[in-house]
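Colleague: I'm new to this one, so could you walk me through it? I'll ask, and you reason it out for me.

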Amino acid sequence: IKETKVHHVFLVEPIPELLKHSLSTIDWDKLLSEAEERGVQFNLTLAADPKQIVGQVQGMFITHGLPFIDGAYVFQHYPLWSLKEARDRLADDIQTLFLSRGFFEDELIMLTNATTNAGRHRFHLLDTKLRPERREPAFIVGSGPSLDKAMPTIKRWRDRAMVFSCGTALRACLKNGIVPDYHCEIENVPVAYEIIAETAKEFDLSGITLVASLTVDPRMAELFDQTYFFFRDSVSSTMIMASPDQVIRAASPTVANTGLRAASGLGFTTVYFFGVDCGTKSIEAKHSVDT
């Protein structure tokens, strides 16, 4: 502790008896007094479950800010499975913690798009309020290659369901004569708008309601007659502009997630997926032939 000149010490001792024995060998009063004079903060956990250990360490990181990880040092004081497992899990989770915070340049786009959309367009806000259960099923349509074989099924039951097209699946639906009730978007990049704008030149988007994150390209809403915006979680614009009951969680990372979250938020409890091929691969194609 003296050599590293640390500011925070997180001590993990899964075996309480060893902590008790240390009282006979270490002058804790002196150590803590010297640490207090130097401004060193001590944290102690007796957790033995690696998941609990990692959770508590992550809590300290988050409390002081994730850059706090830079310069952190891990010392395993004796061989024990729970300590090694916690250390390995922490190393894996730290990468995810940083990635989930996004990137500065991307957050600037998020904030710019959100404020522009809020000020420029008339829209309904999809929030977390409970809504009456819808009796009809919802079809969540992605643009995976399996969509091509599913089109006859969607056409057959289209009049008995509400259809949510997701991202590039919009063109595939329209080309096959299926006009979605809702179209979902979450990406903030201009190319997402450009793809839908090209589709709008080829097909009539009348009657389709856009359901999108407030962070999408501000031109996106201009392509649709009606828009439902929502505050997606874990982005700076939401933290600045939204109240907790307005934050829609689990609407990412893919636009198919957005479709499912939009459907559940609107009261649909029976859901069918078409062309949502996450986790599978096709040698022949990566998307439907009509996207």
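Colleague: What covers the buried residues of helix H6?

Modeller: Bear in mind that this is a predicted model. In H6, which runs over residues 147-157, the buried ones are Leu 147, Ala 150, Met 151 and Ile 154. Their cover includes strand E4 (138-141), helix H7 (169-175) and strand E10 (271-274).

Colleague: And which residues are exposed on the other side of H6?

Modeller: Start from the buried set: Leu 147, Ala 150, Met 151 and Ile 154. They span an arc of only 135° around the axis, so they sit on the same side of H6. On the other side, the exposed residues are Lys 149, Pro 152 and Arg 156.

Colleague: E4 and E10 came up as cover. How many residues apart in sequence are the parts tied together by Phe 139 and Tyr 272?

Modeller: The structure has six aromatic pairs. One of them is Phe 139 with Tyr 272, an edge-to-face pair with 5.8 Å centre to centre and 80° between the planes. Phe 139 belongs to strand E4 and Tyr 272 to strand E10, so the parts tied together are separated in sequence by 133 residues.

Colleague: Is Phe 139 buried or exposed?

Modeller: Its partner first: Tyr 272 has a relative accessible area of 43%, so it is partly exposed. For Phe 139 the relative accessibility is 4%, and the limit for buried is under 20%. That makes Phe 139 buried.

Colleague: What about Phe 164 and Tyr 182: is that pair stacked or edge-to-face?

Modeller: The ring centres are 4.7 Å apart and the planes differ by 15°. Planes under 30 degrees apart count as stacked. So Phe 164 and Tyr 182, with 15° between their planes, are stacked.

Colleague: Where in the chain do those two rings lie?

Modeller: Both are buried, Phe 164 with a relative accessible area of 0% and Tyr 182 with 9%. Ring pairs also link them with Tyr 228 and Phe 268 into a cluster. As for the chain, they are 18 residues apart, with Phe 164 in strand E5 (residues 162-166) and Tyr 182 in strand E6 (residues 182-185).

Colleague: On to charges. What separates Arg 89 and Glu 85 along helix H4?

Modeller: These two form a salt bridge, with their closest N and O atoms 3.1 Å apart. Arg 89 is partly exposed at 34%, and Glu 85 is partly exposed at 24%. They are four residues apart in H4 (residues 81-100), which means a separation of about one helical turn.

Colleague: How many salt bridges does the count come to?

Modeller: Besides Arg 89 with Glu 85, there is Glu 198 with Lys 201, N to O 3.2 Å. Arg 131 and Asp 127 also meet in one, at 3.2 Å from N to O. The count comes to ten.

Colleague: In the bridge between Arg 131 and Asp 127, which residue counts as buried?

Modeller: Arg 131 has a relative accessible area of 31%, so it is partly exposed. The other residue is at 12%, and buried means under 20%. The buried residue is Asp 127.

Colleague: And between Glu 198 and Lys 201, which residue counts as exposed?

Modeller: They both lie in helix H8, three residues apart, about one turn of the helix. Glu 198 has 47% relative accessible area, so it is partly exposed. At 68%, the exposed residue is Lys 201.

Colleague: Which residue of the nonpolar surface patch lies in helix H8?

Modeller: The patch is formed by Val 189, Val 191 and Ile 195, with about 210 Å² of accessible area together. The residue in question is partly exposed, with 37% relative accessibility. Placed in H8 (residues 190-202), it is Ile 195.

Colleague: Any backbone oddities? Which peptide bond is cis?

Modeller: Most residues other than glycine have a negative phi, and most peptide bonds are trans. Ala 250 has a positive phi of about 65° although it isn't a glycine, and its place is the loop between E9 and H10. Pro 253 is found in the loop between strand E9 (247-248) and helix H10 (255-265). The cis bond, with omega near 20°, is the one from Ser 252 to Pro 253.

Colleague: Last one: what is the phi of Ser 234?

Modeller: Ser 234 sits in the loop between strand E8 (226-232) and helix H9 (236-241). Its relative accessibility is 47%, so it counts as partly exposed. Although Ser 234 is not a glycine, its phi is positive, about 65°.

Note on methods. Residues numbered from 1 in each chain as written. Predicted model: local features only at pLDDT ≥ 70, side-chain atom pairs only at ≥ 80, totals over all residues. Heavy atoms only, no water. Buried < 20%, exposed > 50% of the residue type's maximum accessible area, 1.4 Å probe, protein only. Arc of directions from axis to C-beta. Contact = heavy atoms within 4.5 Å. Patch = residues over 30% accessible without salt bridge, like charges linked within 9 Å, V, L, I, M, F, W, Y side chains within 5 Å. Areas by Shrake-Rupley, 256 points an atom, 1.4 Å probe, with all protein chains shown as cover. Salt bridge = Lys/Arg side-chain N within 4 Å of Asp/Glu carboxyl O. Phe/Tyr/Trp six-rings, centres within 6.5 Å; stacked < 30°, edge-to-face > 60°.
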